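Grab a viewer and work through these short exercises. Each one sets a task and then walks through a solution.

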Amino acid sequence: MMGAAWTSSMRTEEDQILASELFLAYQKAMYRIAFEILKNQEDAEDAVMNAAMNICRDFGRIKQLGTEERKARILAIAKNAATDIYRKNRKRGACRGDMCLYLEGREEKGDSLEGTLEIFAGENAFGRLQKYVLQLKEKYQHILVMKYYDEMSNKEIAEQLHLPESTVGTQLQRAKQILQQTLEEGEARK
């Protein structure tokens, strides 16, 4: 359960229970997002705890959302908490690993950090797939990450990106087609 200090600002015991249930339901997904951004267990755990506090602060609005909207909002809060820690670490010179170098390179080129959960491509099959995903247009990268990594529905993606749901479906289909072609061409070259 979330600490009593975090939920004590909530008016009712029902709100405290619901907040604890939501935290438990999305804790792993929040950690996964934070870890992908920070590449460090301690910082990822801190980001999840910061996100939990932010969820409690914003709970009045969160509890009014439907289930899918709640999930999207909670995961966005986790992503933002991790991004905040990443930026603080970078300012202090405490950024760790290849991910930091990659993200710093994207910033230097003027690319946005917001919404990117990209990670370095390794030499395994998953790494090769990531390498090909990173070659896609940014709009396709984001939609694929939101759909398959964040496990968001087309409706959630549409709401978060302010697009019609049909556009999300079309872009997902195109992204998968392009990715499949790229994979087939890449494997044929080997």
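**Exercise 1: the overall build**

In this predicted model, the chain has 10 helices and zero strands.

Task: work out which pattern the elements follow along the sequence, and what share of the residues is buried.

Solution. Step one: reading along the sequence gives α-α-α-α-α-α-α-α-α-α. Step two: take the 190 residues of the chain; 40% of them count as buried. Step three: look at the contacts with a separation of 6 or more, where residues 24 or more positions apart account for 58%.

**Exercise 2: where to trust the coordinates**

Task: find which helix has the lowest mean pLDDT and which the highest.

Solution. Start with the chain, which averages a pLDDT of 75, with 70% of the residues scoring at least 70. Next, go through the elements: helix α6 (residues 97-108) has the lowest mean, 44, and helix α3 (residues 41-57) the highest, 90. Then check residues 94-125, where pLDDT stays under 50 and the model has 62 contacts beyond four places in sequence. Where pLDDT is low, don't read the predicted coordinates in detail.

**Exercise 3: the aromatic pair**

Task: the structure holds one aromatic pair; is the pair of Tyr-31 and Phe-35 stacked or edge-to-face?

Solution. First, the distance: the ring centres of Tyr-31 and Phe-35 are 5.9 Å apart. Second, the angle: their planes differ by 25 degrees, and the pair is stacked, as planes under 30 degrees apart count that way. Third, the placement: both sit in helix α2 (residues 13-38), and because they are four residues apart, about one helical turn separates them. Last, the exposure: Tyr-31 is partly exposed at 28% relative accessibility, and Phe-35 is partly exposed at 28%.

Methods: Residues numbered from 1 in each chain as written. Predicted model: local features only at pLDDT ≥ 70, side-chain atom pairs only at ≥ 80, totals over all residues. Heavy atoms only, no water. Phe/Tyr/Trp six-rings, centres within 6.5 Å; stacked < 30°, edge-to-face > 60°. Helix = DSSP H or I, 4+ residues; strand = E, 2+ residues; numbered from the N terminus. Buried < 20%, exposed > 50% of the residue type's maximum accessible area, 1.4 Å probe, protein only. pLDDT = per-residue confidence, 0-100. Contact = heavy atoms within 4.5 Å.
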